[in-house]
Amino acid sequence: MRIVRRIGASPRERGSMSGDTCPDIFELSDGNFAVIGTEATAALDGQLPPDAARADYERIVVVSRETLVRAKVDIPDA
C-alpha cells in the first residue's frame with residue numbers, strides 16, 4: 001500500500017502558512033483513502049448512531065469542512 005495522490009487542495013492552498021500540520025486526504029494504491037485529521041474518538045464515540053460501530057483498531061478523525069469540500073472534485077464517482 002502506498003500513497004498515489006492527494007485528494008483536494010494542499011494545506012498551503014487552503015491557507016496554512018506552514019503547510020505542515022493540517023488535515024489532508026490521500027488516495028492509496030489499493031483504492032482506499034487515508035485521512036490526516038484531529039483524533040476525536042473519545043469525544044464522539046458515544047455519539048455514534050445505533051447503526052454505526054467502530055472496531056478497537058479504528059479511530060474517529062475530524063477533518064475540516066473546507067478540506068472535504070475542496071476534495072470533492074477529486075473523489076471518483078465509482
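The exercises below work through a predicted model, in which local features need pLDDT of at least 70, side-chain atom pairs count only at pLDDT 80 or more, and totals for chains, interfaces and linings use all residues. Residues are numbered from 1 along each chain as its sequence is written, and side-chain values use heavy atoms, without hydrogens and water.

**Exercise 1.** State the mean pLDDT of the chain.

Solution. pLDDT is the predictor's confidence in each residue, from 0 to 100. The chain has a mean of 90, and 96% of its residues reach 70 or more.

**Exercise 2.** Give the strand order of the open sheet and find its edge strands.

Solution. Strands are DSSP runs (E, at least two residues), numbered from the N terminus. Two of them pair if DSSP finds at least two bridges between them. The three strands of the sheet follow the order 1-2-3, with antiparallel pairing. Strand 1 (3-6) and strand 3 are the edge strands, each pairing on one side only.

**Exercise 3.** Count the bridges in each strand pair and name one bridge partner for each.

Solution. Strand 1 and strand 2 are joined by three bridges; arginine 5 has glutamate 27 in strand 2 as its bridge partner. Between strand 2 (residues 24-28) and strand 3 there are four bridges; here phenylalanine 26 has alanine 34 in strand 3 as its partner.

**Exercise 4.** Locate phenylalanine 33 and classify its exposure.

Solution. Phenylalanine 33 belongs to strand 3 (residues 33-36). Buried means under 20% relative accessible area, exposed over 50%, and partly exposed in between (1.4 Å probe, protein chains only). Phenylalanine 33, at 39%, is therefore partly exposed.
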